[in-house]
Amino acid sequence: PNALSLATTSSKNEPSVRIVLLKGLSKKGFVFYTNLNSPKSQDLKKNPKAAMCFHWKSLQRQVRILGNVKQVNNKEADIYFDSRSYESKIGAWASDQSSTMKKKTELLNRIEDIKKKYNKSVPRPPYWSGWSLNPLSIEFWLRKENRIHERLVYNKTTKGWEKDILYP
């Protein structure tokens, strides 16, 4: 499972949360991809901090991550974009993500136009890339009987990672 909730804050200090897909994990951080004109990207450009939450109800576990965010480099974004299906690549070009659409035919017509332009090889749009969240804090939650859950938090310090046990 790679779905996670991503929380950002707008320039008006309004919180916003949505589901995104984790597409990479390295020493640099947790990576997801999106349209750079989307509300989430606009939030991250103004305030490069975010929180992630993975919740697995069936496993009775949750992982929360807080950290600083920065855009991935073009090479990394190109590699991931190239791994996507043809239809997903076309969708990245055709969708004006989160903008108001009068009729669905607008999108469908754009899709057809983009397909005519890129019938085989589809380059990455200049407004599409990824973000990497470098964690400052990671909390692990495990459900237990009577709401006496187990919670461990790791905080990054200048000396490395420090572990604390939290009350449920």
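The protein has 4 helices and 9 strands, where helices (H or I, at least four residues) and strands (E, at least two) are DSSP runs numbered from the N terminus. This is a predicted model, in which local features need pLDDT of at least 70 and side-chain atom pairs count only at pLDDT 80 or more, while totals for chains, interfaces and linings use all residues. Residues are numbered from 1 along each chain as its sequence is written, and side-chain values use heavy atoms, with hydrogens and water left out.

**Exercise 1. Overall layout**

Task: State the box that the C-alpha atoms of the protein fill, and the share of buried residues in the protein.

Solution:
- Step 1. Along the principal axes, the C-alpha atoms fill a box of roughly 55 × 35 × 35 Å.
- Step 2. Of the 168 residues, 35% are buried. Buried means under 20% relative accessible area, exposed over 50%, and partly exposed in between (1.4 Å probe, protein chains only).
- Step 3. Among contacts between residues at least 6 apart in sequence, 55% join residues at least 24 apart. Contact means heavy atoms within 4.5 Å.

**Exercise 2. The largest pocket**

Task: Find how much space lies in the largest pocket, and which residues lie nearest its centre.

Solution:
- Step 1. Fix the term. On a 1 Å grid over the protein atoms alone, a pocket is an open set of points where a 1.4 Å probe fits, with protein on both sides within 12 Å along at least five of seven lines; lining residues have an atom within 4 Å of a point.
- Step 2. The largest pocket holds about 320 Å³ of space. Its volume is the space filled by probe spheres set on the points, which are joined across faces, edges and corners.
- Step 3. The lining consists of 17 residues, and Tyr33, Thr34, Arg84, Gln97 and Trp128 lie nearest the centre. Two or more lining residues come from each of strand S2 (15-21), strand S4 (29-35) and helix H3 (86-94). S2 gives the most, with 4 residues.
- Step 4. Sorted by class, the lining has 7 nonpolar, 6 polar and 4 charged residues. Ala, Val, Leu, Ile, Met, Phe, Trp, Tyr, Cys and Pro count as nonpolar, Asp, Glu, Lys and Arg as charged, and the others, Gly among them, as polar.

**Exercise 3. The two sides of helix H2**

Task: Identify the buried residues of H2 and the exposed residues on the face turned away from them.

Solution:
- Step 1. In helix H2 (residues 74-83), Ala77, Tyr80 and Phe81 are buried. They line one face of the helix, because their directions seen down the axis of H2 fall within an arc of 100°. The arc is that of the directions from the helix axis to the C-beta atoms.
- Step 2. The general rule is that an α-helix has 3.6 residues a turn, so residues three or four places apart point the same way.
- Step 3. The face turned away from the buried side carries the exposed residues Lys75, Ile79, Asp82 and Ser83. For isoleucine 79, the relative accessibility is 56%. Isoleucine 79 and arginine 124 are 45 residues apart in sequence, with 9.5 Å between their C-alpha atoms.
- Step 4. The packing partners of the buried residues of H2 are S4, H3 and strand S7 (128-142). In H3, the buried residues are Lys89, Ile90, Ala92, Trp93 and Ala94, and these pack against H2, H4 and S7.
- Step 5. At the start of H2, a side-chain oxygen of asparagine 73 comes to within 3.1 Å of the backbone nitrogen of lysine 75.

**Exercise 4. Positive phi**

Task: Where are glutamine 60 and serine 98 found, and what phi does each have?

Solution:
- Step 1. Most residues other than glycine have a negative phi.
- Step 2. Glutamine 60, not a glycine, has a positive phi of about 60°. The loop between strand S5 (49-56) and strand S6 (61-71) holds glutamine 60, which is partly exposed at 34% relative accessible area.
- Step 3. Serine 98, not a glycine, has a positive phi of about 75°. The loop between H3 and helix H4 (104-117) holds serine 98, which is exposed at 58% relative accessibility.

**Exercise 5. Serine 137 and tryptophan 161**

Task: Is serine 137 buried or exposed, and with which side chain does its side chain make a polar contact?

Solution:
- Step 1. Serine 137 lies in strand S7 and is buried, with a relative accessible area of 16%.
- Step 2. The side chain of serine 137 makes a polar contact with the side chain of asparagine 155 (3.1 Å). A polar contact is a pair of N or O atoms within 3.5 Å; within protein, one must be able to donate a hydrogen and the other to accept it, and residues adjacent in sequence count only if both atoms are side-chain atoms.
- Step 3. Leaving aside neighbours within four places in sequence, the contacts of serine 137 include Arg64, Val153 and Trp161.
- Step 4. Tryptophan 161, in strand S9 (residues 160-166), is partly exposed at 41% relative accessible area.
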